[in-house]
Amino acid sequence: MENCLFCKIIAGEIPASKMYEDENMLIFKDIDPKAKNHYLCVPKSHFKLLADMTEEQSEMLKACFKKIPELQKELGLENGYRLVINQGEDAGQTVFHLHIHILSGQKMGWTPA
Ligand code: 5GP
Ligand code: ZN
């Protein structure tokens, strides 16, 4: 997808601190961390919303959810972690390529505002 930041990172056109990569996903550090550890898990196929997802893309997303807990040491997930998927305007989605935020390494509050 043209002009998509995460497609460019996947293509290697923009650098990122990569933590894990396979045929389904790329996991890298968020440039502006919202917790002690903040990673982004990005499926390699471009779609914005769960509502837009094809069957094939849903298999990719499933692979992401299965892989994340397998990386507990690498991502510092031992004491618990939070996954967030921002969808659309009210949630403040800023990059329109679906991604899973992985937050860990500290105790977290619970306030959506
Ligand atoms: P969203 O707001 O769409 O849920 O999440 C987008 C995330 O991408 C934000 O947490 C933001 O800090 C991160 N981000 C934006 N630009 C870049 C970049 O160039 N590199 C990396 N690694 N993360 C980025
Ligand atoms: Zn994209």
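Q: What makes the pair formed by an oxygen atom of ligand 1 and the side chain of Asp30 a polar contact?
A: In this predicted model, the ligand oxygen lies 2.5 Å from an N or O atom in the side chain of Asp30. A polar contact is a pair of N or O atoms within 3.5 Å, so this pair counts as one.

Q: Which polar atom of Lys29 is paired with a nitrogen atom of ligand 1, and what makes the pair a polar contact?
A: The partner is a polar backbone atom of Lys29, 2.9 Å from the nitrogen. The cut-off is 3.5 Å, so the pair qualifies.

Q: How do you know that His99 has a polar contact with ligand 1?
A: A polar atom in the side chain of His99 is 2.9 Å from a ligand oxygen. That value is within 3.5 Å, so the pair counts. As for cover, ligand 1 has 520 Å² of accessible area on its own, and the protein covers 84% of that.

Q: Which residues are closest to ligand 1, and how many surround it?
A: Ligand 1 is surrounded by 16 residues, with Lys29, Asp30, Asn86, Thr94 and His101 the closest. The shell is made up of six nonpolar, six polar and four charged residues. Helix H1 (5-10) and strand S2 (25-29) each contribute at least two of its residues.

Q: Why does the radius of gyration of the protein chain agree with a compact globule?
A: A compact globule of 113 residues would have a value near 13 Å, and the protein chain has 14 Å, so the two agree. Its C-alpha trace spans about 35 × 30 × 25 Å along the principal axes.

Technical notes. Residues are numbered from 1 along each chain as its sequence is written. Chains are lettered from A and ligands numbered from 1 in the order in which they are written. This is a predicted model: local features need pLDDT of at least 70, side-chain atom pairs count only at pLDDT 80 or more; totals for chains, interfaces and linings use all residues. Side-chain values use heavy atoms; hydrogens and water are left out. A residue is near a molecule or strand if one of its heavy atoms lies within 4 Å of it. A polar contact is a pair of N or O atoms within 3.5 Å; within protein, one must be able to donate a hydrogen and the other to accept it, and residues adjacent in sequence count only if both atoms are side-chain atoms. Accessible areas come from the Shrake-Rupley method with a 1.4 Å probe; for residues, only the protein chains shown count as cover. Helices (H or I, at least four residues) and strands (E, at least two) are DSSP runs, numbered from the N terminus. Ala, Val, Leu, Ile, Met, Phe, Trp, Tyr, Cys and Pro count as nonpolar, Asp, Glu, Lys and Arg as charged, and the others, Gly among them, as polar. The radius of gyration is taken over C-alpha atoms; the globule rule is 2.2 Å times the number of residues to the power 0.38.
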